[in-house]
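Trainee: Hey, I've got a structure to go through today. Could you walk me through it with me asking as we go?
Mentor: Sure, put it up and start wherever you like.

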Number of protein chains: 2
Amino acid sequence: MKLRFAGTGDSAQVPCFGCDCPACQRARLLTCHRRGPCAGEIELDGELILIDAGRMDLAERCERQRPAAILLTHYHADHVQGLLHLRWGRGEAIPVYGPKDAQGCADLHKNPGILDFRPGLKPFRPLTLGGLTLTPLPLNHSKPTLGYAIEDGAQRIAWLCDTVGLPGATERFLSEWQPHGVVIDATHPDSSDTPRNHNNLAMALEIIERLDPARTWLTHISHELDASMMTGSSPLPVGVELAADGLEILV
Amino acid sequence: MKLRFAGTGDSAQVPCFGCDCPACQRARLLTCHRRGPCAGEIELDGELILIDAGRMDLAERCERQRPAAILLTHYHADHVQGLLHLRWGRGEAIPVYGPKDAQGCADLHKNPGILDFRPGLKPFRPLTLGGLTLTPLPLNHSKPTLGYAIEDGAQRIAWLCDTVGLPGATERFLSEWQPHGVVIDATHPDSSDTPRNHNNLAMALEIIERLDPARTWLTHISHELDASMMTGSSPLPVGVELAADGLEILV
Ligand SMILES: [Mn+2]
Ligand SMILES: [Mn+2]
Ligand SMILES: [Mn+2]
Ligand SMILES: [Mn+2]
Ligand SMILES: [Zn+2]
Ligand SMILES: [Zn+2]
């Protein structure tokens with residue numbers, strides 16, 4: 001499968017409106033340093049599956065290639081705001097999978113348009129989409145949130161965002177499943193405050209040390225983490241990198 | 001004052017995702033025919049006031065010039081979705097005025113970030129912003145919705161969107177107030193169905209005939225109305241035109 005990082009930023013994105021920190025200044029000058037809302041794209045056998053839908057150009061992306069399905073981690077705006085517009089399109093319904101969340105976001109569930117919201121996924125109950133097997137994994141966040149263990153028969157990738165730490169059952173699943181690659185929430189730089197809804201860098205790296213995948217991509221990155229990394233004071237372990245918008249990986 | 005049409009489309013925008021009608025095909029080829037979510041910008045004495053906030057590039061627009069205030073007509077996603085991201089910015093709070101609507105959209109009221117949501121405006125109770133006097137006018141829509149009678153001391157413009165028809169009190173106010181220019185919802189082409197939430201072309205023109213302003217701009221235009229106008233079978237009365245994204249007017 002091919003995995004593309006469509007967006008790697010937090011809800012404020014990078015640059016963050018009105019911010020003059022070094023990371024935001026850099027992102028205004030060099031578009032390669034911008035970060036849109038955290039989202040992924042998986043391509044397998046010519047089919048496109050989107051992970052999350054918070055990007056602002058979602059409809060344009062879908063016009064270039066209509067997705068076979070959209071997989072949601074949760075209903076925070078930065079993960080679904082593109083659907084507010086996409087839903088009013090034309091043509092065949094697009095199936096949307098995600099956690100059980102009666103509230104959803106705004107009026108999406110009440111007025112789904114061309115979106116076919118499927119019943120909420122059950123934790124650890126695998127879903128098959130084309131050649132992919134996707135196992136929903138509960139995460140720790142302020143809204144019902146699922147990560148995904150993604151398998152194409154050969155490679156195993158875990159998508160773990162948004163989360164702070166990991167629930168015990170999810171960590172046990174992953175330890176046994178042994179993903180080759182992990183994509184994980186690393187929103188905040190390290191600080192004395194314990195984050196409530198997202199990992200900071202140290203928390204993400206502790207999880208990675210325990211799971212020990214061959215490769216790790218940090219995502220949902222805030223301008224604060226970017227600014228902190230720009231000082232060069234937090235070198236990343238071998239096999240761990242900051243994801244970037246547009247980065248493509250063949251796994 | 002200067003009035004700029006930042007967006008003139010309906011919630012599906014033009015082109016509408018997945019649609020191959022002549023209007024959508026034209027808009028894909030020629031960007032001047034695209035229509036983003038309905039929104040306006042007023043400039044007076046160097047200050048910027050935004051009308052509605054549904055455009056997807058709202059944060060970028062606000063970085064070029066920080067608005068003195070944002071004026072909302074209502075909390076449907078196509079009028080506020082840009083705030084879902086803008087709110088996480090930095091710097092001084094941005095005052096946001098709009099109708100009383102406890103629900104708002106998604107978690108905007110619960111997590112306002114840098115947005116300073118002011119108490120809901122009272123119908124016909126004028127608000128002063130810099131050199132502008134803005135009188136909120138109730139409209140007929142599926143959520144609490146206000147139009148605005150906008151006056152800079154010399155000229156009078158009415159912004160009437162989203163609406164189907166006009167409440168009696170609003171029409172009486174406008175008949176007396178005698179706007180020079182009117183911006184009005186004309187979402188749908190004429191058809192035998194009576195629209196429930198938006199004017200069709202005939203309904204918009206009937207209102208304009210009664211109010212008799214010197215100039216009228218039709219907005220919140222669907223791809224269906226664009227496609228219908230492309231056939232040339234509905235010439236508009238003198239003084240009435242379709243608004244276009246980016247159109248600027250000195251009034
Ligand atoms: Mn998020
Ligand atoms: Mn979240
Ligand atoms: Mn609307
Ligand atoms: Mn509306
Ligand atoms: Zn910054
Ligand atoms: Zn169309």
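Trainee: How far apart are the manganese ion (ligand 4) and the manganese ion (ligand 3)?
Mentor: They are 3.3 Å apart, and B:Asp162 coordinates both. Keep in mind that this is a predicted model.

Trainee: OK, which protein donors does the manganese ion (ligand 4) have?
Mentor: Three histidines and an aspartate: B:His74 through NE2, B:His76 through ND1, B:His141 through NE2 and B:Asp162 through OD. They lie 2.2 to 2.3 Å from the ion.

Trainee: And how are those donors spaced along the chain?
Mentor: The pattern for ligand 4 reads H-x1-H-x64-H-x20-D. B:His74 lies in the loop between strand S4 (69–71) and helix H3 (77–80) of chain B, while B:Asp162 lies in the loop between strand S10 (156–160) and helix H5 (168–177), so this pair ties together parts that are 88 residues apart in sequence.

Trainee: Are B:His74 and B:Asp162 buried or exposed?
Mentor: Both are buried.

Trainee: What about the other ion, what coordinates ligand 3?
Mentor: That manganese ion has B:Asp78 (OD), B:His79 (NE2), B:Asp162 (OD) and B:His220 (NE2), at 2.2 Å. In sequence, the spacing of these donors is D-H-x82-D-x57-H. Here too a pair links distant parts of the chain: B:Asp78 is in helix H3 of chain B and B:Asp162 is in the loop between S10 and H5, 84 residues apart.

Trainee: So is B:Asp78 buried or exposed?
Mentor: B:Asp78 is buried, and so is B:Asp162.

Trainee: Switching topic: where is B:Gly54?
Mentor: B:Gly54 is in the loop between strand S3 (47–51) and helix H2 (58–64) of chain B. Its relative accessibility is 0%, so B:Gly54 counts as buried.

Trainee: Which residues is B:Gly54 in contact with, leaving aside its neighbours within four places in sequence?
Mentor: The contacts are B:Pro37, B:Ala77, B:Asp78, B:His79, B:Val80, B:Gln81 and B:Gly82. You've met two of those names already: B:Asp78 and B:His79 are donors to ligand 3.

Trainee: Nice link! How far is the C-alpha atom of B:Gly54 from that of B:Leu72?
Mentor: Those two C-alpha atoms are separated by 9.7 Å, with the residues 18 apart along the chain.

Trainee: Next up, empty space. How many cavities of 30 Å³ or more are there?
Mentor: The count is 1. The largest cavity holds about 30 Å³ of space.

Trainee: What lines the largest cavity?
Mentor: Its lining is made of B:Lys2, B:Arg4, B:Glu41, B:Glu43, B:Leu48 and B:Glu248. The elements that give two or more residues to this lining are strand S1 (2–7) and strand S2 (39–44) of chain B.

Trainee: How many of the lining residues are charged, and how many nonpolar?
Mentor: There are 5 charged residues and 1 nonpolar, with no polar ones.

Trainee: Last one: what's the overall picture for chain A? How many helices and strands?
Mentor: Chain A has 7 helices and 14 strands. Its C-alpha atoms fill a box of roughly 50 × 45 × 35 Å along the principal axes.

Trainee: And what does the radius of gyration of chain A agree with?
Mentor: With a compact globule: for 251 residues you'd expect a value near 18 Å, and chain A has 17 Å. Buried residues make up 57% of chain A. Among contacts with a separation of 6 or more, 61% are between residues 24 or more positions apart.

How values were computed
Residues are numbered from 1 along each chain as its sequence is written. Chains are lettered from A and ligands numbered from 1 in the order in which they are written. This is a predicted model: local features need pLDDT of at least 70, side-chain atom pairs count only at pLDDT 80 or more; totals for chains, interfaces and linings use all residues. Side-chain values use heavy atoms; hydrogens and water are left out. On a 1 Å grid over the protein atoms alone, a cavity is a set of points where a 1.4 Å probe fits but cannot get out, and a pocket is an open set with protein on both sides within 12 Å along at least five of seven lines; lining residues have an atom within 4 Å of a point. Grid points are joined across faces, edges and corners, and a volume is the space filled by probe spheres set on the points. Helices (H or I, at least four residues) and strands (E, at least two) are DSSP runs, numbered from the N terminus. Ala, Val, Leu, Ile, Met, Phe, Trp, Tyr, Cys and Pro count as nonpolar, Asp, Glu, Lys and Arg as charged, and the others, Gly among them, as polar. Donors are N, O and S atoms within 2.8 Å of the metal (3.2 Å for Na, K and Ca); water is not among the atoms, so sites may look incomplete. Buried means under 20% relative accessible area, exposed over 50%, partly exposed in between (1.4 Å probe, protein chains only). The radius of gyration is taken over C-alpha atoms; the globule rule is 2.2 Å times the number of residues to the power 0.38. Contact means heavy atoms within 4.5 Å.
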